[in-house]
Amino acid sequence: MGLNDTPGGERTHIGFFGCTNSGKSSLINAVTNQQVSIVSEVKGTTTDTVEKAMELLPLGPLLLLDTPGIDDKSELGKKRIESAKKALRKCDIAVLVTDCTRQLNHTEKELIRTFKEKNIPFIIVNNKADLTDKGGEYFVSAKTGFGINALKEKLAQIADSDNKDRKIAGDLIKKNDFVVLVTPIDASAPKGRLILPQQQTIRDILDAGGISIVAKETELENTLKNLGKKPALVITDSQVFEYVSKIVPEDIPLTSFSILMARYKGFLDTAVKGADVIDKLQNGDKILISEGCTHHRQCEDIGTVKLPNLLKKYTGKELELHFSSGKDYPQNLNDFSLIIHCGGCMLNRKEMQYRMNTAIDENVPFTNYGIAIAHMKGILKRSIAVFNK
């Protein structure tokens, strides 16, 4: 993956919030030096959240979110406000854009309280500095460009501090360690490509100085015999977990891409506890199986075919299965007995934690594909042991 191919889930999400005509869209255009959002003197020009993926030095790969004004009291305004609130779910950094010719109003103070409640790092940016003699930290002018470079430097500093310690597998190995990645090639793996978690894991291992050895499950046994030394770790696709676990000796740590993603996205402990509920499911229980992306479903799709079949076989119960994908994540989860989510490679950490916390708030157990499969195959304990060494 090149810089321009950085997936959305790995981009720092920066949301610009504020009242109508505070200059949010103008500020985004000034920060990016391009026409990302429509600018107008008419209030409420931004009617829905505008997303722009781009590379911006010194910030790197970003997803910028230009949200509607949060103070629109009209009927249409209610929908605009809801759109802005949805953007908060996935914000790594919030920028509150204010008009520096006036004091902070009630709506802006409420936004600050919301940022704090949701533990979202934020900056208050005083826009329209060209209209006042006032000055200070984060006084900017989207019109003249005053203060824009200093703002970008500060955003880069916050983004770096939030992401620098997160690893997929690099912290589990030492330099020059061998890591075997088991990657089945089937109908769901397009010709010429590996799925995203596999790509991300390979890069993470390379960054740690490790050596990635990639093989199909059918070549795994010979690969292990011919390596010359024992690998420090084997990582497998969840779909062949059981097959791989029988081949990999017990003294070699084994886990899956999906389990690594649960840890990387910050919900591993919750997902392990959630998997225990599978043993307690009863006839008629409603299960939500949720995908973070909207890929084309294959005939042997893991989320809609393989996982449901495994659940039915393992529990012996008649379960009521529901499915969601992409942004279509239910707001009301009360009716569900369990949520089984994908690894979330296309969703950023904030969005995944929002989905997890929504479930927790409603006392609904939450797990993911790989952990659920490992539990049902009886190999979950082994699969998470690598994190405790």
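Start by selecting residues 178–182, strand β6, together with β7: the two strands pair in parallel through five bridges. The model is a predicted one. Within this pair, pick F178 and look across to I211, its bridge partner in β7.

**The four-stranded sheet**

Widen the selection to the whole sheet around β6. This open sheet has four strands in the order β7-β6-β8-β9, and the pairing is parallel. Colour residues 211–215 (β7) and 254–256 (β9): these are the edge strands, and because each has a single partner strand, one side of each lacks a neighbour in the sheet. Looking along the sheet, neighbouring strands are turned by 25° against each other on average, direction ignored.

Now add the helices that cover this sheet. Select residues 196–207 for helix α5, which lies across β6, β7 and β8 (233–236) and runs at about 175° to β6. Next select residues 257–265 for helix α8, which lies across β6, β8 and β9, at about 75° to β9.

Zoom in on T236, which is in strand β8. Is T236 buried or exposed? With a relative accessible area of 0%, T236 is buried. Leaving aside residues up to four places away in sequence, T236 touches V182, F241, V244, L254, T255, S256 and F257.

**From α8 to α11**

Keep α8 on screen and add residues 349–361, helix α11; the two axes come within 9 Å and cross at roughly 95°. The two helices are therefore roughly perpendicular. Show side chains for R263, Y264 and K265 of α8, which meet R349, M352 and Q353 of α11. Sorted by class, this contact has two nonpolar, one polar and three charged residues.

**Strand β10 and its partners**

Move to residues 286–290, strand β10. Four of its five residues are buried, so β10 is largely enclosed by the rest of the structure. Add residues 320–324, strand β11, which runs parallel to β10 and is joined to it by five bridges. Here K286 stands opposite E320 in β11. Then add residues 338–341, strand β12, which pairs with β10 in the parallel sense over four bridges. On that side, S290 stands opposite H341 in β12.

Select residues 302–315 next, helix α10, and mark its buried residues: I302, G303, L307, P308, L310, L311 and T315. Which elements cover them? The cover includes β10, β11, β12 and α12 (369–376). Just after α10 comes G316, with a positive phi near 70°.

**The five-stranded sheet**

Turn to the sheet that contains β1. This open sheet has five strands in the order β2-β3-β1-β4-β5, with mixed pairing. Select residues 50–56 (β2) and 122–127 (β5) to see the edge strands, each pairing on one side only. From one strand to the next, the twist averages 25°.

For a closer view of the pairing, select residues 12–18 (β1) and 60–66 (β3), parallel strands joined by five bridges. F16 has D66 as its bridge partner in β3.

Two helices on this sheet are worth displaying. Helix α1 lies across β1, β2, β3, β4 (93–99) and β5, running at about 165° to β3. Helix α3, residues 106–117, packs on the sheet and touches β1, β4 and β5; its direction makes about 170° with that of β4.

Stay with α1 and select residues 24–32: seven of the nine residues are buried, so the helix is largely enclosed by the rest of the structure. The buried residues are K24, S25, L27, I28, N29, V31 and T32. N33 follows α1 and has a positive phi, near 60°.

**Cysteines**

How many disulfides does the structure hold? It holds zero. Select C91, which counts as buried at 0% relative accessibility. Then select C100, also buried, with a relative accessible area of 4%.

**The whole chain**

Finally, zoom out. The chain has 13 helices and 13 strands. Of its 389 residues, 52% are buried. Among the contacts with a separation of 6 or more, 73% are between residues 24 or more positions apart.

Terms used. Residues are numbered from 1 along each chain as its sequence is written. This is a predicted model: local features need pLDDT of at least 70, side-chain atom pairs count only at pLDDT 80 or more; totals for chains, interfaces and linings use all residues. Side-chain values use heavy atoms; hydrogens and water are left out. Two strands pair if DSSP finds at least two bridges between them. Axes are lines fitted to C-alpha atoms, for helices over the stretch in contact, and angles run from 0 to 180 degrees between N-to-C directions. Contact means heavy atoms within 4.5 Å. A disulfide is a pair of cysteine sulfur atoms within 2.5 Å. Buried means under 20% relative accessible area, exposed over 50%, partly exposed in between (1.4 Å probe, protein chains only). Angles under 35 degrees count as roughly parallel, over 145 as roughly antiparallel, 65 to 115 as roughly perpendicular and the rest as oblique. Ala, Val, Leu, Ile, Met, Phe, Trp, Tyr, Cys and Pro count as nonpolar, Asp, Glu, Lys and Arg as charged, and the others, Gly among them, as polar.
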